[in-house]
Amino acid sequence: MVYIATFYSHFGAIRFKKLCDARNWKAKIMPVPRKLSSSCGSCVRYEGDFACPTDSVPEEVEQIFQVTEDGYRICG
């Protein structure tokens, strides 16, 4: 599945991408799509088996969205 995570800071996005990389999930940092809001303007688009690469969502994550054919769906 494809997800987009938004963050409170750019540093949080960098840390989250490293968590995805550690799981060998395809991930990239990019600007937040216009339909989604974000505090810092950066997001991580990633492909994974779960909505989060760790057991609990890191505190720097603002929201996680699943990318669907119709747009985006908030996870959690």
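This is a short dialogue on reading the sheet, the helix and the cores of a predicted model.

Me: Where do I start with the sheet, and what is its strand order?

Reply: Start by listing which strands lie side by side. Here five strands form an open sheet, ordered β2-β3-β1-β4-β5, and the pairing is antiparallel.

Me: Which strands stand at the edges?

Reply: Look for strands that have a single partner. In this model those are β2 (27–31) and β5 (71–74), so each has one side left without a neighbour in the sheet. You can also look at twist: on average, neighbouring strands are turned by 30° against each other, direction ignored.

Me: How many bridges join β1 and β3?

Reply: Count the bridges along the two strands. β1 and β3 have five, in the antiparallel sense. To see one of them, find Thr 6, whose bridge partner in β3 is Cys 43.

Me: What does α1 touch in the sheet?

Reply: The helix packs on the sheet and touches β1, β2, β3 and β4. Compare directions too: α1 makes about 160° with β2.

Me: Which elements supply the largest nonpolar core?

Reply: A nonpolar core is a set of buried residues joined through side-chain atoms. The largest one here has 14 residues, and Phe 7, Phe 16 and Tyr 46 are among those with the most contacts inside it. At least two residues come from each of β1 (2–7), α1 (10–22), β3 (42–47) and β4 (61–68). A separate, second core has five residues, including Val 32 and Leu 36.

Me: What does Ile 64 contact farther along the sequence?

Reply: Beyond its neighbours within four places in sequence, Ile 64 is in contact with residues including Ala 5, Tyr 46, Val 57 and Ile 74.

Note on methods
Residues are numbered from 1 along each chain as its sequence is written. This is a predicted model: local features need pLDDT of at least 70, side-chain atom pairs count only at pLDDT 80 or more; totals for chains, interfaces and linings use all residues. Side-chain values use heavy atoms; hydrogens and water are left out. A nonpolar core is a set of buried Ala, Val, Leu, Ile, Met, Phe, Trp, Tyr and Cys residues joined through side-chain atoms within 4.5 Å. Buried means under 20% relative accessible area, exposed over 50%, partly exposed in between (1.4 Å probe, protein chains only). Helices (H or I, at least four residues) and strands (E, at least two) are DSSP runs, numbered from the N terminus. Contact means heavy atoms within 4.5 Å. Two strands pair if DSSP finds at least two bridges between them. Axes are lines fitted to C-alpha atoms, for helices over the stretch in contact, and angles run from 0 to 180 degrees between N-to-C directions.
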